[in-house]
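Load the model in your viewer and show it as a cartoon. Keep the selection panel at hand.

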Amino acid sequence: MNMNNEDIRFMQRAIELSKMAVNSDMGGPFGCVIVKDGSIIAEGHNSVTGTNDPTAHAEIVAIRKACKALNTFQLDDCIIYTSCEPCPMCFGAIYWARPKKVFYVCTKDDAAEIEFDDQFLYNELDKEMVDRRIEFVNIMRPEANAVFKEWAEKADKVKY
């Protein structure tokens with residue numbers, strides 16, 4: 001295991017944030033800290049129920065704050081410390097943000113034991129679109145593809 005005293009300190013803070021979420025009735029027991037060059041640049045805890053925002057998971061909250069603080073959409077050279085293995089949404093956001101490493105403590109199985117079970121999302125992703133629990137209807141594809149083509153031909157776009 002590649003962990004040092006700083007890693008322990010930052011993870012302890014993520015765990016403290018998870019407890020704050022529970023004690024403030026903001027959401028589930030999840031906290032996250034984002035570190036760059038040995039300093040915390042952002043932190044967050046689950047705020048789903050307190051903000052009525054289903055995307056307000058600890059990692060998403062912290063990523064938004066970190067990107068704002070760094071004035072960038074990527075977290076190059078950052079380390080994420082999160083109190084639980086990320087759910088599929090947070091996993092995707094982490095990959096889009098491109099940190100160099102993620103430390104976590106509780107696993108998705110631990111989360112499932114307290115009724116935060118994301119397995120159904122993994123199962124849904126494996127299904128054909130027509131077999132998913134929520135109906136997805138593909139409409140107006142030619143119109144949207146015209147915008148995609150415009151993006152593809154845009155000379156001054158910022159790639160990410």
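The tour below goes from a strand to its partners, then to two helices. Keep in mind that this is a predicted model.

**Stop 1: strand β3.** Select residues 78-84, which form β3. How many of its residues are buried? Seven of seven, so the strand is mostly covered, with buried meaning under 20% relative accessible area.

**Stop 2: the antiparallel side.** Add residues 31-36, strand β1. β1 and β3 run antiparallel and are joined by five bridges. For one pair to zoom in on, pick Lys36 and find Cys78 of β3 opposite.

**Stop 3: the parallel partner.** Now add residues 101-106, strand β4. β4 pairs with β3 through five bridges, in the parallel sense. Click Ile80: its bridge partner in β4 is Val102.

**Stop 4: the crossover.** Select residues 88-97, helix α4. Together, β3, α4 and β4 make a β-α-β unit, and the unit is right-handed. Show side chains on Pro88, Cys90, Ala93, Ile94 and Ala97, which are buried in α4. What do the buried residues of α4 pack against? Their neighbours are α3 (58-70), β3, β4 and α6 (119-126). Step on to Arg98, which follows α4 and has a positive phi, near 60°.

**Stop 5: a glutamate in α6.** Select Glu124, located in helix α6. Is Glu124 buried or exposed? Glu124 counts as buried because its relative accessibility is 12%, and the cut-off is under 20%. Display its surroundings, leaving aside neighbours within four places in sequence: Glu124 is in contact with Arg132, Arg133 and Ile134.

Key:
Residues numbered from 1 in each chain as written. Predicted model: local features only at pLDDT ≥ 70, side-chain atom pairs only at ≥ 80, totals over all residues. Heavy atoms only, no water. Buried < 20%, exposed > 50% of the residue type's maximum accessible area, 1.4 Å probe, protein only. Helix = DSSP H or I, 4+ residues; strand = E, 2+ residues; numbered from the N terminus. Pairing = 2+ DSSP bridges. Right-handed = clockwise from strand over helix to strand, strands pointing away. Contact = heavy atoms within 4.5 Å.
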